[in-house]
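Okay, thanks for coming, everyone. I'd like to walk you through one model today, so let's get it up on the screen.

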Amino acid sequence: MSPPVYLDHNATTPPHEDVLAAMHRAWSTGWANPSSLHRAGRQARRLVEEAREAVAALAGLHPRDVTFTSGGTEANNLAIERPFRLGDRGLLLTSRLEHPSLLACAEDLERRGVRVHWIEPLPGGHLPLDAFASVLARREPGEPTLLATHAVHHETGAIQPIPELAALAESHGAQLHVDAVQAAGRIDPALWRGAHSVALAAHKLRGPKGIGALVTRPGLPLHPLLRGGSQERGFRPGTLDPIAAAGFAVAAHRALHGGPERYATLRPLRDALEQKAVAEAARLGIQIDLTGREPRAPHVAHLLVAGWRGDELVAALDLEGICVSSGSACSAGTAEPSPAIAALVGIERARSALRVSLGETSTMDDVAAFLKALQRVLGRAR
Ligand SMILES: Cc1ncc(COP(=O)(O)O)c(C=O)c1O
């Protein structure tokens with residue numbers, strides 16, 4: 001059986017061979033506990049510190065301010081608690097488009113008494129700056145305030161105006177948290193840096209699963225979610241995995257050096273995929289609407305296929321050897337459509353969503369294979 005055509009790079013990316021080689025080496029030289037003071041521990045520690053430097057360089061911040069986590073979800077959870085740690089009061093500005101790891105935290109804070117202002121997105125999924133500005137202009141002086149959003153949307157690929165939000169937060173004495181999990185290594189870092197805290201995940205950068213980071217501006221304290229150890233300055237207790245760190249170091253280095261340039265080459269592939277999918281479906285009498293609007297990341301196509309359920313399409317395409325998704329991987333397996341897409345286009349249309357996310361290993365042949373399979377699946381049902 002030939003290997004499947006993998007077009008689900010927003011769910012996760014295949015590990016790069018240099019990442020695998022570094023992790024393989026680390027298994028024999030860096031397996032010890034990185035907190036141990038002896039020589040074996042120090043060898044493991046070195047791997048963790050090299051990763052810290054690579055991740056800080058990617059975020060444009062200082063290695064001292066990198067806190068390793070289990071991934072993007074934990075980094076978002078850790079970030080959003082931070083400004084409200086002195087009591088459940090304050091103001092959070094965010095949106096219903098966020099990844100569930102931010103959305104659920106915001107809903108929880110709202111239940112606990114933090115004022116949450118949900119910013120209404122524009123039709124293409126962008127968040128309007130003036131909506132943030134008008135809420136900030138009306139807030140109580142001195143009220144702890146956090147703006148929290150994504151840089152690149154995990155389903156539509158929409159790019160949010162992060163540099164402008166950072167400047168706005170600054171001018172109002174508020175703070176900004178950016179979920180850069182889908183942005184790092186894919187778009188120009190200038191488009192997602194500049195926040196007070198940034199969430200990253202290694203597995204979206206061809207690194208391993210099980211490791212991510214929250215990187216902050218100098219010296220910002222975190223409110224630990226776990227108790228019981230002094231690792232990561234006490235902000236994230238628990239033994240760190242030096243093998244995963246070795247993989248993250250290589251992945252972060254690759255993401256910083258050439259990542260966005262490699263992703264830029266995917267734009268013509270993605271555009272061809274969208275145009276041909278729409279045209280070929282139209283020939284079968286099926287309407288496909290594209291959710292994405294510029295500015296957006298170059299590798300994501302988000303299709304709404306009228307009369308179809310996204311999860312049925314995913315299953316049918318899987319039988320054809322094509323891996324795509326109908327929502328974010330963390331909500332896969334549930335009958336409900338993605339809450340972010342439901343917030344954008346309504347729950348019924350959200351059920352018809354199909355996300356195709358290209359990545360560094362994608363080729364025009366993969367796009368052609370997807371289009372052929374889609375045509376077969378849609379045609380068969382006619
Ligand atoms: C935008 C965004 N934030 C956070 C996460 C969560 O990251 P992780 O899967 O590493 O927990 C994801 C994962 O899909 C994501 O796309």
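Before any helix pairs, here's the convention: axes are lines fitted to C-alpha atoms, for helices over the stretch in contact, and angles run from 0 to 180 degrees between N-to-C directions. Helices (H or I, at least four residues) and strands (E, at least two) are DSSP runs, numbered from the N terminus.

Also, this is a predicted model, so local features need pLDDT of at least 70 and side-chain atom pairs count only at pLDDT 80 or more, while totals for chains, interfaces and linings use all residues. Residues are numbered from 1 along each chain as its sequence is written.

Right, α7. Helix α1, residues 17-29, and α7 have axes that come within 8 Å and cross at roughly 150°. That makes α1 and α7 roughly antiparallel, a label used for angles over 145 degrees, with under 35 being roughly parallel, 65 to 115 roughly perpendicular and the rest oblique. The crossing of α1 and α7 is right-handed, meaning the near helix is turned clockwise from the far one by less than a right angle; anticlockwise would be left-handed.

Who touches whom? On the α1 side there are Asp18, Val19, Ala22, Met23, Ala26 and Trp27, and they meet α7 residues including Pro242, Ile243 and Ala246. Contact here means C-beta atoms, placed from the backbone, within 7 Å. The residues of this α1 and α7 contact split into 11 nonpolar, 1 polar and 1 charged. For those classes, Ala, Val, Leu, Ile, Met, Phe, Trp, Tyr, Cys and Pro are nonpolar, Asp, Glu, Lys and Arg are charged, and the others, Gly among them, are polar.

Now α2, residues 39-59. It packs with α7 (residues 242-256) at about 25°, axes 8 Å apart, so α2 and α7 are roughly parallel. This crossing of α2 and α7 is left-handed. Among the α2 residues meeting α7 are Ala44, Leu47 and Val48, and the residues of the α2 and α7 contact come out as 16 nonpolar, 1 polar and 1 charged.

On to the sheets. One is an open sheet of 7 strands with mixed pairing, in the order β2-β8-β7-β6-β5-β3-β4. Two strands count as paired if DSSP finds at least two bridges between them. β2 (66-69) and β4 (115-119) are the edges, each with a single partner strand, so one side of each has no neighbour in the sheet. From one strand to the next, the twist averages 20°.

Inside that sheet, β5 (145-150) and β6 (175-179) are parallel, over 5 bridges, and Thr149 has Val178 in β6 as its bridge partner. Helix α3, residues 72-81, lies across β2, β5, β6, β7 and β8, at about 165° to β7. Helix α5 (129-137) touches β3, β4 and β5, and its direction makes about 155° with that of β4.

There's also an open sheet of 3 strands, β9-β10-β12, with antiparallel pairing. β9 and β10 pair over 3 bridges, with Leu303 in β10 as the partner of Leu290.

Last thing, the ligand. Which residues come nearest? Of the 16 around the ligand, those are Gly71, Gly72, Thr73, His154 and Ala201, where near means a C-beta atom, placed from the backbone, within 6 Å. The largest share of the shell, 3 residues, comes from α3. By class, the shell has 3 nonpolar, 12 polar and 1 charged residues.

Definitions and conventions. Contact = placed C-beta atoms within 7 Å.
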